[in-house]
Amino acid sequence: IFYSSPFTSFLAMLSISYGSLVSFGGIFAGLFIAWVFLKARKEPVRKWFDIGIIGLFVGWAFGRIGCLLNGDSLGILSKSKIAIWGHLPTQIFESLWSVMIAILCFWLLRKKADLKLPDGIIFWIGMGSYGLGRFIIDFFIDENKIFFFLKPGQIGSLVILIIAIIVIYFTMKAERKEV
């Protein structure tokens, strides 16, 4: 949807051979399939998502290293000492951010009982953290702005962050009422 200009039709946008898929679509599709699978097996979805979010971000960290090696998602041009091939290594920034989120979520999972966290909240903390970090990192990605000063990844990140904040707020509010 954000990158529709190079495609001749809607079906061409769905063609994997053209590289037309973006990471947000993969995340949402994977989460939806996991949700359907867990619901069908009558498993506690929120508990599994709290655990699975750790693996998602560890995998995401490796995926972003793959983006670096592939030359995808280049950062803005820079003469900085940390620049790689003349660009800021935004893929490494996002990879490190993903590892930090995985560590945070793992720590929260270990302390879940002590902190009296409701099921599903760790998942949303992870997603919100990702949205915040990706929003900031995308300022340094070499992409065109499509809406005011925002780039496509920032719009997706902002949506994730807003949804996470809303879900966390209402989940914690409902949890306080039960206590």
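Here, a residue is called buried under 20% relative accessible area, exposed over 50%, and partly exposed in between. At 27% relative accessibility, Asp119 therefore counts as partly exposed. The model you are looking at is predicted. Below is a friendly tour of its salt bridges, its cavity, a nonpolar surface patch and a few contacts across the chain.

**Salt bridges**

- Side chains of opposite charge can pair when their charged atoms come close.
- There are five salt bridges in the structure, and one of them joins Glu94 to Arg64, with 3.1 Å between the closest N and O atoms.
- Because Glu94 sits in helix α4 (residues 90-110) and Arg64 in helix α3 (residues 45-70), this pair ties together parts that are 30 residues apart in sequence.
- Glu94 and Arg64 are both buried.
- Another salt bridge links Arg134 with Asp138, where the closest N and O atoms are 2.9 Å apart.
- Arg134 has a relative accessible area of 8%, so Arg134 is buried.
- Asp138 is buried too, with a relative accessible area of 0%.
- These two pairs are worth viewing together, since a network of salt bridges links Arg64, Glu94, Arg134 and Asp138.

**Asp119 and its partner**

- Asp119 is located in the loop between α5 (112-115) and α6.
- The side chain of Asp119 meets that of Lys112 in a salt bridge, at 2.7 Å from N to O.
- Lys112 is buried, its relative accessible area being 13%, whereas Asp119 is partly exposed at 27%.
- Asp119 and Leu109 are ten residues apart along the chain, and their C-alpha atoms are separated by 9.9 Å.

**The cavity**

- Rolling a probe the size of a water molecule over the atoms shows where empty space is left.
- One cavity of 30 Å³ or more is present in the structure, and the largest cavity holds about 30 Å³ of space.
- If you would like to find the largest cavity on screen, its lining is made of Leu68, Leu74, Gly75, Ile84, Trp85, His87, Leu88, Pro89 and Gln91.
- How many residues of this lining are nonpolar, polar or charged? Six are nonpolar, three are polar and none is charged.

**The nonpolar surface patch**

- Leu132, Ile136, Phe139, Phe140, Ile146, Phe147, Phe148 and Phe149 make a nonpolar surface patch of about 820 Å².
- Phe147, one of the residues in this patch, belongs to the loop between α6 (121-137) and α7 (152-178).
- With a relative accessibility of 46%, Phe147 is partly exposed.

**Other residues to look at**

- Pro152 is part of helix α7, and its relative accessible area of 3% makes Pro152 buried.
- Pro152 also brings us back to Asp138, a member of the salt-bridge network: the two are 14 residues apart along the chain, with 8.8 Å between their C-alpha atoms.
- Where does Gly30 lie? Gly30 lies in helix α2 (residues 23-40).
- Gly30 is partly exposed, with 36% relative accessible area.
- From Gly30 to Leu56 the C-alpha distance is 9.9 Å, while 26 residues separate the two in sequence.

Terms used. Residues are numbered from 1 along each chain as its sequence is written. This is a predicted model: local features need pLDDT of at least 70, side-chain atom pairs count only at pLDDT 80 or more; totals for chains, interfaces and linings use all residues. Side-chain values use heavy atoms; hydrogens and water are left out. On a 1 Å grid over the protein atoms alone, a cavity is a set of points where a 1.4 Å probe fits but cannot get out, and a pocket is an open set with protein on both sides within 12 Å along at least five of seven lines; lining residues have an atom within 4 Å of a point. Grid points are joined across faces, edges and corners, and a volume is the space filled by probe spheres set on the points. Ala, Val, Leu, Ile, Met, Phe, Trp, Tyr, Cys and Pro count as nonpolar, Asp, Glu, Lys and Arg as charged, and the others, Gly among them, as polar. Patches are made of residues with over 30% relative accessible area and no salt bridge: like charges are joined within 9 Å, nonpolar side chains (Val, Leu, Ile, Met, Phe, Trp, Tyr) within 5 Å. Accessible areas come from the Shrake-Rupley method with a 1.4 Å probe; for residues, only the protein chains shown count as cover. A salt bridge is a side-chain nitrogen of Lys or Arg within 4 Å of a carboxyl oxygen of Asp or Glu. Helices (H or I, at least four residues) and strands (E, at least two) are DSSP runs, numbered from the N terminus. Buried means under 20% relative accessible area, exposed over 50%, partly exposed in between (1.4 Å probe, protein chains only).
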